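This explanation looks at one loop residue and its surroundings, and then at how two helices pack.

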Amino acid sequence: MLLQTVRPNIVQAIRAYRVDDLMRSAQEAGQHFLYANLTEAQSKQEVVDGIATSFLFPQHFGKNLDALFDCMTDLVHKSGIQPGFVVVLEQIPDNSRFDRESREQLLDVFRDAADFWAERKIPFRCFYSFQ
């Protein structure tokens, strides 16, 4: 199984992994698979909106990085026991409206979410790619 070769709580570049293989592995492991293709996003707001739409966040979602963290952690944690997560953020923008600092802030949210779930001994693997 593919997920056995990847640390359980990590945020890393997708590199040689294929989205279909990650999705299949998540399904085989009984884990949530969350996918966002951010090809159309150009700004921080568009990235956050794209993730919220793709991950089916509630309408009251605050549309900022703090709210993103809350939705990836507390909101899900309060809904019951979780089997684990495989998250794919594909084609994160790389432009002047979403610069390196913005990308790192976004990835920090997912790193913090990985730490949150690690404390609860629940696997959280996040893979990303840039445009």
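A residue counts as buried when its relative accessible area is under 20%, and as exposed when that area is over 50%. The model discussed here is predicted. With a relative accessibility of 10%, Gln-82 is therefore classed as buried. Gln-82 belongs to the loop that runs between helix H4 (74-77) and strand S3 (85-92).

The side chain of Gln-82 has backbone oxygens within polar-contact range. One of its polar atoms lies 3.1 Å from the backbone oxygen of Gly-80. The backbone oxygen of Val-76 lies 3.2 Å from a polar atom of the Gln-82 side chain. Val-76 also appears among the residues that Gln-82 contacts once neighbours within four places in sequence are left aside; the others are His-32, Trp-117 and Ile-122.

Trp-117 leads on to the helix packing, as this residue is part of the contact that H5 makes with H3. Helix H3 covers residues 65-72 and helix H5 residues 100-119; their axes come within 10 Å and cross at roughly 25 degrees. Angles under 35 degrees count as roughly parallel, so H3 is roughly parallel to H5. The crossing of H3 past H5 is right-handed.

On the H3 side, the contact is made by Leu-65, Leu-68, Phe-69 and Met-72. H5 contributes Gln-105, Leu-106, Val-109, Phe-110, Asp-112, Ala-113 and Trp-117. By residue class, the contact of H3 with H5 comprises 9 nonpolar residues, 1 polar and 1 charged.

How values were computed. Residues numbered from 1 in each chain as written. Predicted model: local features only at pLDDT ≥ 70, side-chain atom pairs only at ≥ 80, totals over all residues. Heavy atoms only, no water. Helix = DSSP H or I, 4+ residues; strand = E, 2+ residues; numbered from the N terminus. Buried < 20%, exposed > 50% of the residue type's maximum accessible area, 1.4 Å probe, protein only. Polar contact = N/O pair within 3.5 Å; in protein donor to acceptor, adjacent residues only side chain to side chain. Contact = heavy atoms within 4.5 Å. Axes fitted to C-alpha atoms, helices over the stretch in contact; angles between N-to-C directions. Parallel < 35°, antiparallel > 145°, perpendicular 65-115°, else oblique. Left-handed = near helix turned anticlockwise from the far one by under 90°. Nonpolar A, V, L, I, M, F, W, Y, C, P; charged D, E, K, R; others polar.
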